[in-house]
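Trainee: I'd like a close look at one part of this protein, the barrel. Could you take me through its strands and the side-chain pairs around them?

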Amino acid sequence: MKKAIRVSLLAATTLALSVDAQASGVDGVGVGVNYGLFAGPTFELNYAINNQLQIRGALSSGMTLSETTKDTDIEYDVESDGGINRLALDYHPFGGSFFLSAGYAVNNFKLSALGTTSAGQSVTIGDTTYDVDANVALNGQLDWDNGATLSLGWGHSPAKGWGAMVEIGAIFTGTPTVSLSGTGTVDANDGNGPQDVSSSQLVQDALNKEADKIQKDVGDYTFLPILQAGVTYRF
């Protein structure tokens with residue numbers, strides 16, 4: 001719900017800037033198209049309050065990532081989904097292209113992982129090793145929160161016409177949330193018999209331990225980097 005409200009506020013602010021620009025003959029309005037790490041393809045709308053202060057909204061579709069990684073003896077296919085939308089106030093201290101920026105990001109970027117193990121194999125989940133009776137699929141997700149942004153860059157000059165834009169900074173999201181669930185049937189050979197991965201409390205406890213391991217692995221990643229470049233135009 002909070003993300004939805006913030007997305008709505010960002011859209012309303014961008015629309016208000018667009019309407020105000022039309023009313024004033026679009027003087028001071030700039031647009032940009034760029035590509036960013038994690039953000040992916042991004043469209044920006046920028047309004048110059050004066051030669052030093054500018055308001056900027058950015059809408060992105062997200063960066064496409066796809067790779068295979070291994071945690072303990074589980075091999076995961078990892079894919080990304082979701083964009084990062086931002087609203088920022090840029091300060092151009094010298095009235096030129098260089099700027100310092102602070103703002104807020106509505107972050108929908110996440111990583112999803114699918115790990116599979118075939119019947120007849122063994123798999124360690126948490127601290128427990130299981131024999132796989134029926135194909136096991138483990139579904140994991142890393143989800144970063146919204147957060148404040150700080151950055152610096154060059155671009156969106158107050159001058160009219162075409163330009164280039166580079167920005168470096170960070171979105172302070174905090175540690176990502178890790179969730180892990182699964183399907184299939186396993187047996188720990190502990191006298192409890194075969195366990196359904198999706199419903200067994202014993203397996204769920206093991207999944208929670210596995211999620212904790214992943215959480216510790218990513219615990220130091222408390223921010224998402226801002227690294228993007230593109231072209232701009234000011235009317």
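Mentor: Here is a walk through the barrel, and then through the charged and aromatic pairs.

Bear in mind that this is a predicted model. The protein has 235 residues, and buried ones make up 41% of them. DSSP gives 2 helices and 15 strands. Of those strands, 8 close into a barrel, and the order to follow round is β1-β2-β3-β6-β7-β11-β12-β15, with antiparallel pairing. From one strand to the next, the twist averages 25°. As a reminder on the pairing itself, strands of a sheet are held to each other through backbone hydrogen bonds, in either a parallel or an antiparallel sense.

Let's start on β1, which covers residues 29-36 and contains asparagine 34. Is asparagine 34 buried or exposed? Its relative accessibility is 6%, so asparagine 34 counts as buried, since the cut-off for that is under 20%. Look at what surrounds this side of the strand: even leaving aside neighbours within four places in sequence, asparagine 34 is in contact with Gly40, Pro41, Thr42 and Glu44, and also with Met165, Gln228, Ala229 and Gly230. Keep Glu44 in mind from that list, as it comes back below in a salt-bridge network.

Now go round to β3, residues 53-60, which runs antiparallel to β6, residues 84-91, with 6 bridges joining the two. To find your place on this pair, put glycine 57 in the centre of your view: leucine 87 in β6 stands opposite. Carry on across β6 and you get to β7, where the antiparallel pairing extends over 8 bridges. Here a handy marker is arginine 86, which stands opposite alanine 105 in β7. β6 and β7 form a hairpin with 6 residues between the strands, and in that hairpin glycine 95 takes a positive phi near 70°.

Arginine 86 also takes us to the charged side chains. In general, side chains of opposite charge can pair when their charged atoms come close. The count for this model is 7 salt bridges. Arg86 belongs to a network of salt bridges in which Glu44, Arg56, Asp90 and Glu167 are linked as well.

Other salt bridges sit apart from that network in your view, so take them one by one. Aspartate 81 pairs with lysine 110, and the closest N and O atoms are 3.5 Å apart. Why does this pair tie together separate parts of the sequence? Aspartate 81 is in strand β5 (residues 74-81) while lysine 110 is in strand β8 (residues 110-117), so the pair joins parts 29 residues apart. Aspartate 81 is partly exposed, at 46% relative accessible area.

Then turn to aspartate 127, which meets lysine 209 in a salt bridge at 3.9 Å, N to O. This one links distant parts of the chain: aspartate 127 is in the loop between β9 (122-125) and β10 (128-143), and lysine 209 is in helix α2 (residues 201-217), 82 residues apart. Aspartate 127 is exposed, with a relative accessible area of 58%, whereas lysine 209 is partly exposed at 43%. Aspartate 127 also has a salt bridge with lysine 213, at 3.8 Å from N to O. Again the loop between β9 and β10 is linked to helix α2, this time by residues 86 apart. Lysine 213 counts as partly exposed, with 28% relative accessibility.

Finally, the rings. There are 6 aromatic pairs. In one of them, phenylalanine 98 and tryptophan 154 are tilted, at 5.5 Å centre to centre with 55° between the planes. Phenylalanine 98 is in β7 (residues 98-107) and tryptophan 154 in β11 (residues 147-154), so this pair brings us back to two strands of the barrel order, 56 residues apart in the chain. Both rings belong to partly exposed residues: phenylalanine 98 has a relative accessible area of 24%, and tryptophan 154 comes to 45%. Elsewhere, Phe38, Phe109 and Trp144 form one aromatic cluster.

To step back to the whole protein, take the contacts between residues at least 6 apart in sequence: 68% of them join residues at least 24 apart. The accessible surface comes to about 11,800 Å², and carbon and sulfur atoms account for 58% of that.

Technical notes:
Residues are numbered from 1 along each chain as its sequence is written. This is a predicted model: local features need pLDDT of at least 70, side-chain atom pairs count only at pLDDT 80 or more; totals for chains, interfaces and linings use all residues. Side-chain values use heavy atoms; hydrogens and water are left out. Rings of Phe, Tyr and Trp (its six-membered ring) pair if their centres lie within 6.5 Å; planes under 30 degrees apart count as stacked, over 60 as edge-to-face and the rest as tilted. Helices (H or I, at least four residues) and strands (E, at least two) are DSSP runs, numbered from the N terminus. Buried means under 20% relative accessible area, exposed over 50%, partly exposed in between (1.4 Å probe, protein chains only). Contact means heavy atoms within 4.5 Å. Accessible areas come from the Shrake-Rupley method with a 1.4 Å probe; for residues, only the protein chains shown count as cover. Two strands pair if DSSP finds at least two bridges between them. Axes are lines fitted to C-alpha atoms, for helices over the stretch in contact, and angles run from 0 to 180 degrees between N-to-C directions. A salt bridge is a side-chain nitrogen of Lys or Arg within 4 Å of a carboxyl oxygen of Asp or Glu.
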